[in-house]
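Please open the model in your viewer and keep the sequence panel beside it, since each stop of this tour begins with something to select.

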Amino acid sequence: MRSIMSLMVMIIACLTIVTRANAEETPVRATIDSDGVQRVVVLGGGYFLRPKHIIVKVNVPVELKVSKEPGWVPHNIAMDSPEAGMAFEVSLSEEPKLVRFSATKTGTFPIYCSKKLLFFSSHREKGMEGRVEVIE
């Protein structure tokens with residue numbers, strides 16, 4: 001009986017992990033509010049960015065409401081795509097901050113945490129990375 005219960009717990013745990021991983025990869029299309037601004041809420045922490053895939057329209061203002069989960073590890077959110085109108089680096093805190101930009105070029109561009117501690121892997125290398133897809 002214990003073996004069956006242990007097996008059931010393992011199966012449920014595996015399904016939960018797979019479901020969560022798939023949910024994190026689901027693209028999030030920015031909503032365009034009545035004021036014409038595209039808005040998305042982004043959460044970072046524990047070497048993740050959620051959502052990992054954001055879709056926005058070109059030449060329409062974007063506002064990201066960014067924050068991090070509680071914890072002492074410092075994180076930020078950065079983009080280095082000035083050729084597409086998206087270049088910023090903002091420290092994340094538990095208190096939400098607004099990041100504003102207008103993408104001027106279609107394509108897919110990386111968004112990530114640029115933090116790195118001495119000789120350790122960067123937060124980006126640990127998985128704190130996503131992408132902004134800019135469409136017509």
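Start by selecting Tyr47, which is partly exposed, with a relative accessible area of 29%. This residue sits in the loop between E3 and E4, and although Tyr47 is not a glycine, its phi is positive, at about 65°. Keep in mind throughout that what you are looking at is a predicted model.

Now step back to the whole protein chain, which holds 1 helix and 11 strands and which, read along the sequence, follows the pattern α-β-β-β-β-β-β-β-β-β-β-β. Of its 136 residues, 35% count as buried, and the accessible surface comes to about 8400 Å², with 61% of that belonging to carbon and sulfur atoms. Among the contacts in the protein chain with a separation of 6 or more, 64% are accounted for by residues 24 or more positions apart.

Return to Tyr47 and select His123 as well, because His123 is another loop residue, placed between E10 and E11. Is His123 buried or exposed? Its relative accessible area is 7%, so His123 is buried. Once neighbours within four places in sequence are left aside, the residues in contact with His123 are Tyr47, Val73, Pro74, His75, Cys113, Lys115 and Met128.

Next, go to strand E3 and pick out Val40, which counts as buried because its relative accessibility is 4%. Show the residues around Val40 and, with neighbours within four places in sequence left aside, you will find contacts with Val28, Ala30, Pro51, Ile54, Glu63, Leu64 and Lys65. If you also mark the C-alpha atoms of Val40 and Val66, which are 26 residues apart along the chain, you will see them separated by 8.6 Å.

One of the contacts of Val40 is Pro51, and this residue deserves a selection of its own. Pro51 is in the loop between strand E4 (48-50) and E5, and the peptide bond that leads from Arg50 to Pro51 is cis, with omega near 5°.

For the interior, select Leu64, Ile77, Met86 and Phe88, the residues with the most contacts inside the largest nonpolar core, which has 26 residues. The elements that give two or more residues to this core include strand E3 (38-45), strand E6 (61-68), strand E8 (86-91) and strand E9 (97-102).

Stay with Phe88 and show what surrounds it: residues up to four places away in sequence not being counted, Phe88 touches Leu64, Ile77, Ala78, Met79, Val99, Phe101 and Ile111. Both Phe88 and Phe101 are buried. How many aromatic pairs does a search of the whole structure find? The search finds 1. The rings of Phe88 and Phe101 have their centres 5.7 Å apart and their planes at 20°, so the pair is stacked. Because Phe88 lies in strand E8 and Phe101 in strand E9, the pair ties together parts that are 13 residues apart in sequence.

Finally, turn to the outside and select Leu117, Leu118, Phe119 and Phe120, which make a nonpolar surface patch of about 560 Å². Within this group, Leu118 can be found in the loop between strand E10 (107-112) and strand E11 (129-135). Leu118 counts as exposed because its relative accessibility is 65%. Its phi is positive, at about 40°, although Leu118 is not a glycine.

Key
Residues are numbered from 1 along each chain as its sequence is written. This is a predicted model: local features need pLDDT of at least 70, side-chain atom pairs count only at pLDDT 80 or more; totals for chains, interfaces and linings use all residues. Side-chain values use heavy atoms; hydrogens and water are left out. Patches are made of residues with over 30% relative accessible area and no salt bridge: like charges are joined within 9 Å, nonpolar side chains (Val, Leu, Ile, Met, Phe, Trp, Tyr) within 5 Å. Accessible areas come from the Shrake-Rupley method with a 1.4 Å probe; for residues, only the protein chains shown count as cover. A salt bridge is a side-chain nitrogen of Lys or Arg within 4 Å of a carboxyl oxygen of Asp or Glu. Helices (H or I, at least four residues) and strands (E, at least two) are DSSP runs, numbered from the N terminus. A nonpolar core is a set of buried Ala, Val, Leu, Ile, Met, Phe, Trp, Tyr and Cys residues joined through side-chain atoms within 4.5 Å. Buried means under 20% relative accessible area, exposed over 50%, partly exposed in between (1.4 Å probe, protein chains only). Contact means heavy atoms within 4.5 Å. Rings of Phe, Tyr and Trp (its six-membered ring) pair if their centres lie within 6.5 Å; planes under 30 degrees apart count as stacked, over 60 as edge-to-face and the rest as tilted.
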